[in-house]
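Here are my notes for a colleague who is opening this entry for the first time. Please read them with the model on screen.

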Amino acid sequence: PYLNIYDFNYSKNNMCVLNLDERTYQIKASFPNAVNNLKNFSNVVTFTKNGIANKFLNENNIKNIYIQNFSRDIMETAEQFSLKEKLKLKKQKTILYNAAYEERKNQLRALEIISESEFLKELNWIFIGNESQPFYLEKCIEFSKKLNLKNVKFLKATKNIFKINELYKLSDCLFLGSVAEGMPLVLLEAMSANKPLVCTDVGGVRGVLGEIADIEILPIEYAVHDLEKSIKNQLSLLKVNNRKL
């Protein structure tokens, strides 16, 4: 939307980082000015080699700079907080679902599948994210109660990187079940924290990860046994070399 509204016809050298997901790509005709604005940038950067952003740029004859394995590197050593005690996590393994609360991030579907597996129900689940879609978090909480899920916790997003760091320390695996993605930074965070990953094969997931992480890829409509098997496989990993420097 910003590329469609504002005029980026600068006289000096300038750069744009383009992050695009499947759903936005499908309505690209709604942003007629975006292409012209992109052409006014000296450089357009993408972080996936064969992602949706690259496809969009190629279709419009806009050259881009591809930067491999970009990471925010926010996982820093920090003092411990009391999240573990506050969340009252059980001794079982903990799965982190770090994504904005909205339909394309698919939390409701994830909760439904968790409820259908005795193994998955016994794990600790921590959901955290921005409330980008009104009332979606409330829907998730009510649905979790309806399914009688005892080990699921919901948190709102925080900009405190020390608390984010502790969340990754508390977690044994990251799960991301989105139906659409651009460049999912949470995967890079998990790799920085040396955590195994289970995620759906959408958007820039493969492009971001490449061969540098222990990862289980699921179809968008992942079946119960697929998720259970993938989580079990990732929890069994002993390696801590998910991220190559």
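## Notes on the predicted model

1. Two aromatic residues make a useful starting point. W125 and F175 are both buried. The model is a predicted one, and everything below should be read in that light.

2. W125 and F175 form one of the six aromatic pairs in the structure. Their ring centres are 6.3 Å apart and the ring planes stand at 80°, so this pair counts as edge-to-face. W125 belongs to strand β5 (residues 124-129) and F175 to strand β7 (residues 173-176), so the contact ties together parts that lie 50 residues apart in sequence. The two residues also belong to one aromatic cluster, formed by Y97, W125, F127, F154, F175 and Y222.

3. How many helices and strands should the reader expect? The secondary structure comes to 12 helices and nine strands. The protein has 245 residues, of which 49% count as buried. Taking contacts between residues at least 6 apart in sequence, 70% join residues at least 24 apart.

4. Six strands make up an open sheet, in the order β6-β5-β4-β7-β8-β9, with parallel pairing. β6 (152-156) and β9 (215-218) stand at the edges with a single partner strand each, so one side of each has no neighbour in the sheet. From one strand to the next, the twist averages 20°.

5. Strand β4 (residues 94-98) deserves a separate look. Five of its five residues are buried, so the strand is largely enclosed by the rest of the structure. In a regular strand, side chains alternate between the two faces of the sheet. In β4, T94, L96 and N98 point one way, while I95 and Y97 point the other way, and all of them are buried.

6. Which strands does β4 pair with, and through how many bridges? β4 runs parallel to β5 and is joined to it by five bridges; N98 has I128 of β5 as its bridge partner. β4 is also parallel to β7, with two bridges between them, and here I95 is partnered by C173.

7. Towards one edge of the sheet, strand β8 (residues 197-200) pairs with β9 in the parallel sense over four bridges. Within this pairing, L197 stands opposite I215 of β9.

8. Two helices can be placed against the sheet. Helix α9 (residues 161-170) lies across β4, β5, β6 and β7, and runs at about 140° to β4. Helix α10 (residues 185-192) lies across β4, β7 and β8, and its angle to β7 is about 170°.

9. Helices α6 (residues 107-115) and α8 (residues 136-146) pack with their axes 10 Å apart, at an angle of about 10°. They are therefore roughly parallel to each other. On the α6 side the residues that meet α8 are Q107, L108, L111 and E112; the α8 residues are Y136, K139, C140, F143 and S144. An α-helix has 3.6 residues a turn, so residues three or four places apart point the same way.

10. Helix α4 (residues 52-59) has I52, A53, N54, F56 and L57 as buried residues. What covers them includes α2 (22-26), α3 (34-39) and β2 (43-46). After the helix comes N61, which has a positive phi near 55°.

11. Is Y66 buried, partly exposed or exposed? Y66, found in strand β3 (residues 65-66), has a relative accessible area of 30% and is partly exposed, because the buried class ends at 20% and the exposed class begins over 50%. Leaving aside residues up to four places away in sequence, Y66 touches T46, F47, T48, K49 and G207. Y66 and T46 are 20 residues apart along the chain, yet their C-alpha atoms are separated by 5.1 Å.

12. Two lysines have their charged ends over aromatic rings. The charged end of K28 sits over the ring of Y25, 4.0 Å from the ring centre. That of K232 sits over the ring of F119, at 4.9 Å from the centre.

Terms used
Residues numbered from 1 in each chain as written. Heavy atoms only, no water. Phe/Tyr/Trp six-rings, centres within 6.5 Å; stacked < 30°, edge-to-face > 60°. Buried < 20%, exposed > 50% of the residue type's maximum accessible area, 1.4 Å probe, protein only. Lys NZ or Arg CZ within 6 Å of the ring centre and 35° of its normal. Contact = heavy atoms within 4.5 Å. Pairing = 2+ DSSP bridges. Axes fitted to C-alpha atoms, helices over the stretch in contact; angles between N-to-C directions. Parallel < 35°, antiparallel > 145°, perpendicular 65-115°, else oblique.
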